[in-house]
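Reader: Before I use any structural label, I should like to see the reasoning behind it. Please set each term against its criterion.

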Amino acid sequence: FLIFKSTESPQSGFFIIPDSFQRLAFLREVGTFLREPENSSPVNSLTPQGVEPVMRIKRLEIQGFKSFATKNTLIFPGLIDGDRRGLTAVVGPNGSGKSNIADAVRWALGEQSMKTLRGKKSEDVIFSGSDKKGKLGMAEVSLFLNNSDGKAAIDYSELVLTRRLYRDGESEYLINNAKARLLDVQMLLAKANVGQKTYSVI
């Protein structure tokens with residue numbers, strides 16, 4: 001399975017599981033992993049003491065990216081009983097696009113390596129067509145991050161990173177719907193400790 005999680009808070013993140021056949025055993029392991037320690041408070045049971053709060057994914061919107069021809073919205077609430085952080089699992093059979101979700105997160109965060117994104121050229125991330133739908137001219141991914149603790153240096157409680165790529169090679173980056181440069185995105189994330197060295201996709 002693939003894991004996206006911040007190294008600052010190793011007990012939170014979202015998991016992508018290969019298929020539903022393995023879900024029961026996997027969730028049994030996760031349930032054991034998330035079991036509250038004795039004498040621990042519900043609020044802090046998934047957040048180790050002394051760990052600084054991290055920015056968390058709230059939502060992911062994908063359109064025209066790889067296998068996602070139409071707009072898809074994935075919501076990651078990450079809360080258990082309203083006050084404890086948990087895990088979000090994306091389950092599906094082979095070829096259903098689970099890995100493309102992880103690629104979309106990487107891409108929205110500014111990933112430039114096509115090898116990492118499992119492609120050869122930049123336009124490979126744009127939906128290439130199917131038997132029922134023709135190829136598209138643009139790919140767009142928006143990543144919504146919780147900024148209620150102000151880790152990102154913007155005056156908003158929510159940070160929205162949007163990346164677009166057109167088939168003619170033109171690309172756009174937006175921060176909360178305002179046009180930006182790749183460098184602006186990278187610097188903003190680095191200052192919020194969400195740079196490439198602070199998360200892992202395995």
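The exchange below takes up labels applied to this structure and the grounds for them.

Reader: What makes the confidence uneven along this model?

Author: The model is predicted, and the mean pLDDT of the protein is 76, with 68% of its residues at 70 or more. Among the elements, strand β1 (residues 2-6) has the lowest mean pLDDT, 38, and β10 the highest, 97. Over residues 1-51 the pLDDT stays under 50, although the model has 101 contacts beyond four places in sequence for that stretch. Where pLDDT is low, the predicted coordinates should not be read in detail.

Reader: What does the secondary structure of the protein come to, and what share of the residues is buried?

Author: The protein has three helices and 12 strands. Buried residues account for 41% of its 202 residues. Of the contacts with a separation of 6 or more, 59% join residues 24 or more positions apart.

Reader: How do you know that the strands β4, β3, β8, β9, β10 and β11 belong to one sheet, and why is it called open?

Author: Two strands count as paired if at least two bridges are found between them. Six bridges join β3 (residues 57-63) to β8, and nine join β8 to β9 (residues 158-166); both counts meet the criterion of at least two, so both are pairs. The six strands follow the order β4-β3-β8-β9-β10-β11 with antiparallel pairing, and the sheet is open. Its edge strands are β4 (72-75) and β11 (178-180), each of which pairs on one side only. On average, neighbouring strands of this sheet are turned by 20° against each other, direction ignored.

Reader: Which residues stand opposite one another along β8?

Author: On the side of β3, Ile62 stands opposite Val141. On the side of β9, Leu143 is opposite Leu161, and Asn146 is opposite Glu158.

Reader: Why is strand β8 described as largely enclosed?

Author: Seven of the nine residues of β8 (residues 138-146) are buried, so the strand is largely enclosed by the rest of the structure. Two helices also lie across this strand. Helix α2 (residues 98-108) lies across β3, β4, β8 and β9 and runs at about 80° to β8. Helix α3 (residues 182-191) lies across β8, β9, β10 (171-175) and β11, at about 35° to β10.

Reader: Why is Met138 called partly exposed, when it is found in that strand?

Author: The relative accessibility of Met138 is 24%. Buried requires under 20% and exposed requires over 50%; the value falls in between, so Met138 counts as partly exposed. Leaving aside neighbours within four places in sequence, Met138 is in contact with Gln63, Gly64, Ile126, Arg164, Leu165 and Tyr166. Of these, Gly64 is 74 residues away in sequence, yet the C-alpha atoms of Met138 and Gly64 are 6.1 Å apart.

Reader: How do you know that Asn147 is buried, although it is found in a loop?

Author: Asn147 is found in the loop between β8 and β9. Its relative accessible area is 2%, under the 20% limit, so Asn147 is buried. Residues up to four places away aside, Asn147 touches Met55, Ala152, Ile154, Tyr156, Ser157, Glu158 and Leu159.

Reader: What makes the pair of Phe65 and Trp107 tilted?

Author: A search of the whole structure finds one aromatic pair. The ring centres of Phe65 and Trp107 are 5.2 Å apart, and their planes stand at 45°. The distance is within the 6.5 Å limit, and the angle is neither under 30 degrees nor over 60, so the pair is tilted. The pair links distant parts of the chain: Phe65 is in the loop between β3 and β4, Trp107 is in helix α2, and the two are 42 residues apart. Both residues are buried: Phe65 has 0% relative accessibility and Trp107 has 2%.

Reader: How do you know that Arg59 lies over the face of Phe144?

Author: Arg59 is placed over the face of Phe144, at 3.8 Å from the ring centre. This distance is within the 6 Å limit, so it meets the distance part of the criterion.

Reader: What is notable about phi in Arg118 and Asn176?

Author: Arg118, in the loop between α2 and β8, has a positive phi near 60° although it is not a glycine. Asn176, in the loop between β10 and β11, also has a positive phi, of about 50°, and is not a glycine.

Notes
Residues numbered from 1 in each chain as written. Predicted model: local features only at pLDDT ≥ 70, side-chain atom pairs only at ≥ 80, totals over all residues. Heavy atoms only, no water. Buried < 20%, exposed > 50% of the residue type's maximum accessible area, 1.4 Å probe, protein only. Helix = DSSP H or I, 4+ residues; strand = E, 2+ residues; numbered from the N terminus. Axes fitted to C-alpha atoms, helices over the stretch in contact; angles between N-to-C directions. Contact = heavy atoms within 4.5 Å. Phe/Tyr/Trp six-rings, centres within 6.5 Å; stacked < 30°, edge-to-face > 60°. Lys NZ or Arg CZ within 6 Å of the ring centre and 35° of its normal. pLDDT = per-residue confidence, 0-100.
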